[in-house]
Amino acid sequence: MKNIKIAIVFFVCFALLFTAVACSSADKEVEIITSSPSESPDQTTSSPSVEISQAAETQSPQEEFAEQILYEDDSIKIVFTGMEESMFGKDINVYIENNSEENITVQVRDCSVNGFMMDPIFSSDVAAGKKANDSMTLMSSNLESNNITDISTVELSFHVFDTETLDTIFETDPVIINFGGTGGDESPSPSATGELLYEGNGITIMYQSVSEGLFGPEINVSISNDSEENVTIQVRDCSVNGFMMDPIFSSDIVAGKKANDTITFMSDDFEENGITSIETIELSFKIFVTDTFDNIVSTDPITINL
């Protein structure tokens, strides 16, 4: 569900960006310089060079980091090549080489930044025998919600599948990219702040606040997974001021990681029930193992008084 919210927000931002670019493109001066046949032989003539005027230079330079092989076998190679600022946040740049006989799609799973779970935007299609330079985007809003100003580590797994059949080819073990940063002022441990909603089985869930989101009110929660299992947490039997609701919430937290997430209510549901302010929220959490769906716990009803 969280991926759906991010995808919709990304689409809206992209539409606004497209409109802005269309309106401002006339202000950019681009000079194309091509090599003529009379130029000296030691000059490059295989392809035209492009010189962009200072008015058009808006992209931040890529930060310098050593390349790191993230995955490699006889057919597929994935290399971290750098990180740079982008319109939507931080871009982790990767080089992908597909020497197999299948067209592949590479995606990311179980990503965390400085120990906090995140959902980067990344899906790269690479045809058989081809290469690609691509980037996975860490949204500024996600970094800000975790108070991350300096990235020190990114941990993730790659999910690689056949583009046509969708059959899984492989999933990598977790890989870590070290940036050497200080980490910034990350959010404190969930057990340190907020109102305790649940604690047990190595899982801690804290209520933090209520805010207004794109689709309606959002309940901000922080979660710590100190168990040895990758877990998924969802909401069951939720009511607001005594009226049943079906909020959007499904949070995956890898073992040993933390997350700041939101339980999202739809504004239409509030209007249909005549709710103008939240007084009480009652809900239960269902916690299960992400990979096997084995139930860990279904909590007793929990009440949040606002």
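In the predicted model, K90 and E85 form a salt bridge in which the closest N and O atoms lie 3.0 Å apart. The two partners differ in their exposure class: K90 has a relative accessibility of 14% and is therefore counted as buried, the cut-off being under 20%, whereas E85, at 37%, is classed as partly exposed, because its value falls between the 20% and 50% limits.

A search of the whole structure identifies 2 salt bridges. Besides the pair formed by K90 and E85, the side chains of E155 and K257 meet in a salt bridge with an N to O distance of 3.1 Å. This contact connects distant parts of the chain, its residues being 102 residues apart. E155 belongs to strand β10, which spans residues 153–162, while K257 is placed in the loop between β18 (250–253) and β19 (258–264). The relative accessible area of K257 is 15%, so this lysine is buried under the 20% criterion. Side chains of opposite charge can pair when their charged atoms come close.

The internal space of the model was examined in the same manner. Over the whole structure, 1 cavity of 30 Å³ or more is found. The largest cavity holds about 40 Å³ of space. Its lining consists of D110, M117, N230, V231, D252, I253, V254 and T290. By residue class, the lining of the largest cavity comprises 4 nonpolar, 2 polar and 2 charged residues. The nonpolar members are M117, V231, I253 and V254, the polar members are N230 and T290, and the charged members are D110 and D252.

Terms used: Residues are numbered from 1 along each chain as its sequence is written. This is a predicted model: local features need pLDDT of at least 70, side-chain atom pairs count only at pLDDT 80 or more; totals for chains, interfaces and linings use all residues. Side-chain values use heavy atoms; hydrogens and water are left out. A salt bridge is a side-chain nitrogen of Lys or Arg within 4 Å of a carboxyl oxygen of Asp or Glu. Buried means under 20% relative accessible area, exposed over 50%, partly exposed in between (1.4 Å probe, protein chains only). Helices (H or I, at least four residues) and strands (E, at least two) are DSSP runs, numbered from the N terminus. On a 1 Å grid over the protein atoms alone, a cavity is a set of points where a 1.4 Å probe fits but cannot get out, and a pocket is an open set with protein on both sides within 12 Å along at least five of seven lines; lining residues have an atom within 4 Å of a point. Grid points are joined across faces, edges and corners, and a volume is the space filled by probe spheres set on the points.
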